[in-house]
Amino acid sequence: MVNATTAPVVKTAWSLLSSAPLVCYVILVLLGILGNTMVICVVGEYIGKQKGARSSDMILVNMAFSNLMVSVVRNLLLVLTDLGVEMLPSKSWCQVLMGIWVWLRCANVWSTFFVSVFHFHTLRRVSPPVVSLAGIRGPPRSLMMGFGLLWTLSLIYSIPAFVFSTKGGKNATETLMLVTSTTRPLLNCLWDFPSIHSGLAFATTSMIIHEIIPIILMSVTNLGSLVILYTHRTNHPLTHKKTQTPAGNRVPAERRAAKVILALIILFVVSWGASVISVNYFNYNGGPSSANLLVLARFSNSGFIALSPFILAVGHRRLRAVIKSVFKCKCT
């Protein structure tokens, strides 16, 4: 049964994480909010000033927006409840909140995949470099349609959360969890499936569609990007040094972008994978290590959101310039 009222394992485990670990989690959440807000403002302002906005910048803003929404609507609420703020929504509000959490989390996963697949698609068009790059940018309309499809499909997937969730008691604890929603009873909102079998069926489907498949696709597309760059470097070793064509000048930039995206995907796979393993160990095993693993899942869920803006800043020229200017102002 989902709405169990025995042995609040998750709350006990997290209550052990007072002081230093809780401070670390608060810092992670704040970094996620501030960092992704910076990405949206800096890159978004640059998009607004340019007549022909680059699709890559729009995709970065979309990913940062999904990160920010997860941080504000979900992780910030976790921090507030840990700090003792008591919020007890009704059953209807629990259904709305649970649906929003699942929607945003799913959109966050596929927005990250969008970054990887777009770069792979760009490299396939750019390579070989003898082709002129004039006018290769796809129309923004097609990109906006892609964003709309991403958010719409994620919303459709979250419909069960609007239906199969309810309000739990103060001592309620979950016996079934999903990475895409919450790793403990947040605001006492719980999954409430008709039976444990239907709940496990939905959890398994969720794990495959929104946890395993995205990780595999991200790994494959990013590996494909690295293979394209390596092949180009092998076949055209002097292109990036002597060729003054737009394609030749673009190759080093694409290589830097590939490294940044690789770092993003590695961070995502590590953080998301740790969360998947922890939550599904709880769902299918429920052994004595569940409590500590669920604590690990909470940090993993926030780790990618908090650190991804800094990885982007390493590879994005405008973000680096803004950060350097901020530090110079503080130093002077």
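Let's start with two helices: H2 passes H3 in a left-handed crossing. Keep in mind as you look around that this is a predicted model. Two packed helices are described by the angle between their axes and the distance between the axes. For H2 and H3, the angle is about 150 degrees and the axes lie 8 Å apart. An angle over 145 degrees counts as roughly antiparallel, so that is how H2 and H3 run relative to each other. What kinds of residues make up the contact of H2 with H3, by class? There are 20 nonpolar residues, along with 7 polar and 2 charged ones.

Now pick out one residue on helix H3, namely Leu76. Is Leu76 buried or exposed? Neither label quite fits: its relative accessible area is 27%, and buried would need a value under 20% while exposed would need one over 50%, so Leu76 is called partly exposed. Setting aside neighbours within four places in sequence, Leu76 is in contact with Val29, Ile33 and Ser71. Take Ile33 from that list: Leu76 and Ile33 are 43 residues apart along the chain, but their C-alpha atoms are 9.0 Å apart in space.

Next, let's look at the inside. In soluble globular proteins, nonpolar side chains tend to be buried together. In this model, the largest nonpolar core has 55 residues, and the members that touch the most others are Ile59, Trp101, Trp191, Phe268, Leu312 and Leu319. Plenty of elements chip in two or more residues, including helix H2 (20-49), helix H3 (55-82), helix H7 (196-235), helix H9 (246-284) and strand S4 (189-191). Which helix gives the largest share of this core? That's H4, with 14 residues.

Zoom in on Leu319, one of those well-connected members. Not counting residues up to four places away in sequence, Leu319 touches Met38, Val39, Val42, Val43, Leu312 and Ala313. There is also a second, separate core, made of 8 residues, with Leu22, Val26, Val29 and Leu78 among them. You've met Val29 already, as a contact of Leu76.

One last stop is Ser158, which sits in the loop between H5 and helix H6 (159-163). Being in a loop doesn't tell you whether a residue is covered, so check the number: Ser158 has 0% relative accessibility and therefore counts as buried. What does Ser158 touch, leaving aside its neighbours within four places in sequence? The answer is Gly99, Val102 and Trp103.

How values were computed:
Residues numbered from 1 in each chain as written. Predicted model: local features only at pLDDT ≥ 70, side-chain atom pairs only at ≥ 80, totals over all residues. Heavy atoms only, no water. Core = buried A, V, L, I, M, F, W, Y, C linked by side-chain atoms within 4.5 Å. Buried < 20%, exposed > 50% of the residue type's maximum accessible area, 1.4 Å probe, protein only. Helix = DSSP H or I, 4+ residues; strand = E, 2+ residues; numbered from the N terminus. Contact = heavy atoms within 4.5 Å. Axes fitted to C-alpha atoms, helices over the stretch in contact; angles between N-to-C directions. Parallel < 35°, antiparallel > 145°, perpendicular 65-115°, else oblique. Left-handed = near helix turned anticlockwise from the far one by under 90°. Nonpolar A, V, L, I, M, F, W, Y, C, P; charged D, E, K, R; others polar.
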